[in-house]
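Dear colleague,

I am handing over the structure below, and I would be grateful if you could look through it alongside the notes that follow.

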Amino acid sequence: MTNPYVIGVDFGSDSVRALVVNALTGQAVGTHVHEYTRWKQGLYCNPATSQFRQHPLDYLEGLEATITGALAQAPAEVRQQVVGVSIDTTGSTPCAVDETGLPLALRPDLAENPNGMFILWKDHTANAEADEINDLAHHWDTDYTKYVGGIYSSEWFWAKILRTLRVDEAVRTKAFSWIEHCDWISAVLTGNTNPLTLRRSRCAAGHKALWHSEFNGLPSDEFLTRLDPLLSGLRDRLFTDTHTADQSMGKLSAEWAEKLGLSTDVVIGVGAFDAHMGAIGAEIEPYAFVRIIGTSTCDILMAPNEEIGHRLIRGICGQVDGSVAPGMLGLEAGQSAFGDVYAWFARLITGPVRDLLGDEAADTLSRRLIPHLSDQAATLPVTENDAIALDWINGRRTPDANHTLKAAIAGLNLGTDAPKVFKALVEATAFGSRSIVDRFIQEGVPIKKVIAIGGVAKKSPFVMQTLADVLNKPIQVASADQACALGAAMCAAVAAGVHPTMEAAQQAMGSGFDAEYHPRPEQATTYEILYQKYLKLGEFIENKQGVSSSITTQYA
């Protein structure tokens, strides 16, 4: 085929996007974005209890709408030249399925049950279950958390499963197995959703489900049964083997070929998480630190197994052979809130405006607020006496996961206005980033360059300059507007055999970088002082909240 094309599909928190790409040159010929209909209405979610669920119909509708929409933009002959499709999604975003691999919310009797839907990555309803997993693992003969930084998170696979089984008898009765979003949507395209035979993502399994070859797969049934008898036997209904994103999931099914107007010869690649495929799209290389910056952040670092594989990195989201590229150790970290911190502050201001002046005034203010605050904050001096904030408004992912933590702002006075608070919040997200970088370096993992992708990286020079100053490192911003979808397209090109390796696909299809932020020496010096204050405030708040939690538990 003279010009093979591939499609990368990127499922984010709020929307899904598809990108049709020339597999030899990386030229994009079509793209389309679809916002999740039910999610946009706020259905099945309760932010006050950290419950965030997404209906599988949002995914299916978005899959068809984005691929057909992207292909509609491309020349007509492109459809006949598409050779591969790969999917990335958020994670850990698992769902209970029946024997056929059907999500329970697609059954009529459970169509409106949030527990039969996909449990979004930022759902923190399983904090208690995560604590139980950690406690048992740290007292078990084999510490199953050793390859995920030593701390299991409520954002991950097992904690969410256990919580759901405990609270919902209907789901408990009908759930045969469980599946990650990236595995299910890829399997749907092949027509084989059988949970016992479909190919599972190494990326998802290693970082979120405690899978490792040392354990012969997942944690033992004995361990899971001791954790809770409700988990007894589930291991046998899950998986043992996992697969990297350069491999084929299968061929496009006749049903989906007809829906999309594609050939049944199209290869469907094994899925992975958005950050890991985004790192591929951002042209990650060994010891490059790739930050996917959006509502939250996910940080990906890749290193040769022979150099780093013997180390156990404390407090991160896992180290997995092949989770980014085959033959390389993929390391993941991140922050539970980044852009969400700014969005919270915007809602704090626009909420009363909506109540008092109506939707039109509030919507106008909402569109203009963050750019205005950014412009104002950028003019403020950076001094040792500035207000300090914590970025833990949705808990802390890394280093050292603790999703019960809350945020705080200190150092306010009667002269503190909205731009100053916004500046402190932006600095808080940068300080949280710095703590992750410091942890890698402390653990003997060098960081040779920093690359940023995502909406915040592309749209907010003030945030990116602050981040460069706080990290005291230059930051390159990838040119691709949709680096995750581009990375998925690169994976599809390898799975379909167009390129022999991920590196070859990157070289052929990469789009380079279009911005670079350099630290300003004077600000970087002051930020060293403010960062130490951030660490002290964090230590104080964490200790105080720990005491409050203990008292609440004791007298509950």
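In this predicted model, strand 6, which covers residues 94-97, pairs with strand 8 in the antiparallel sense, and four bridges join the two. One of the bridge partners can be named: valine 97 is matched with serine 177 of strand 8. Strand 8 itself runs over residues 177-180, with Ser177 and Ile179 pointing one way and Trp178 and Glu180 pointing the other way, yet all of these residues are buried.

A second place to look at is aspartate 168, which sits in the loop between helix 4 (157-167) and helix 5 (169-174). Aspartate 168 is buried but forms no salt bridge, and the nearest side chain of opposite charge, that of arginine 172, lies 6.9 Å away. If residues up to four places away in sequence are set aside, aspartate 168 touches Asn113 and Asn115.

Finally, there are the cysteines, for which a search of the whole structure finds zero disulfides. A disulfide would need two cysteine sulfur atoms within 2.5 Å. Cysteine 298 cannot be counted as bonded, because the closest cysteine sulfur, in cysteine 317, is 6.5 Å from its own sulfur, which is too far for a bond; cysteine 298 is also buried, with a relative accessible area of 12%. For cysteine 491 the closest cysteine sulfur belongs to cysteine 203, and at 9.6 Å this too is too far for a bond, while cysteine 491 counts as buried at 1% relative accessibility.

With best wishes

Terms used. Residues numbered from 1 in each chain as written. Predicted model: local features only at pLDDT ≥ 70, side-chain atom pairs only at ≥ 80, totals over all residues. Heavy atoms only, no water. Buried < 20%, exposed > 50% of the residue type's maximum accessible area, 1.4 Å probe, protein only. Pairing = 2+ DSSP bridges. Lys, Arg positive; Asp, Glu negative; His and termini not counted. Salt bridge = Lys/Arg side-chain N within 4 Å of Asp/Glu carboxyl O. Contact = heavy atoms within 4.5 Å.
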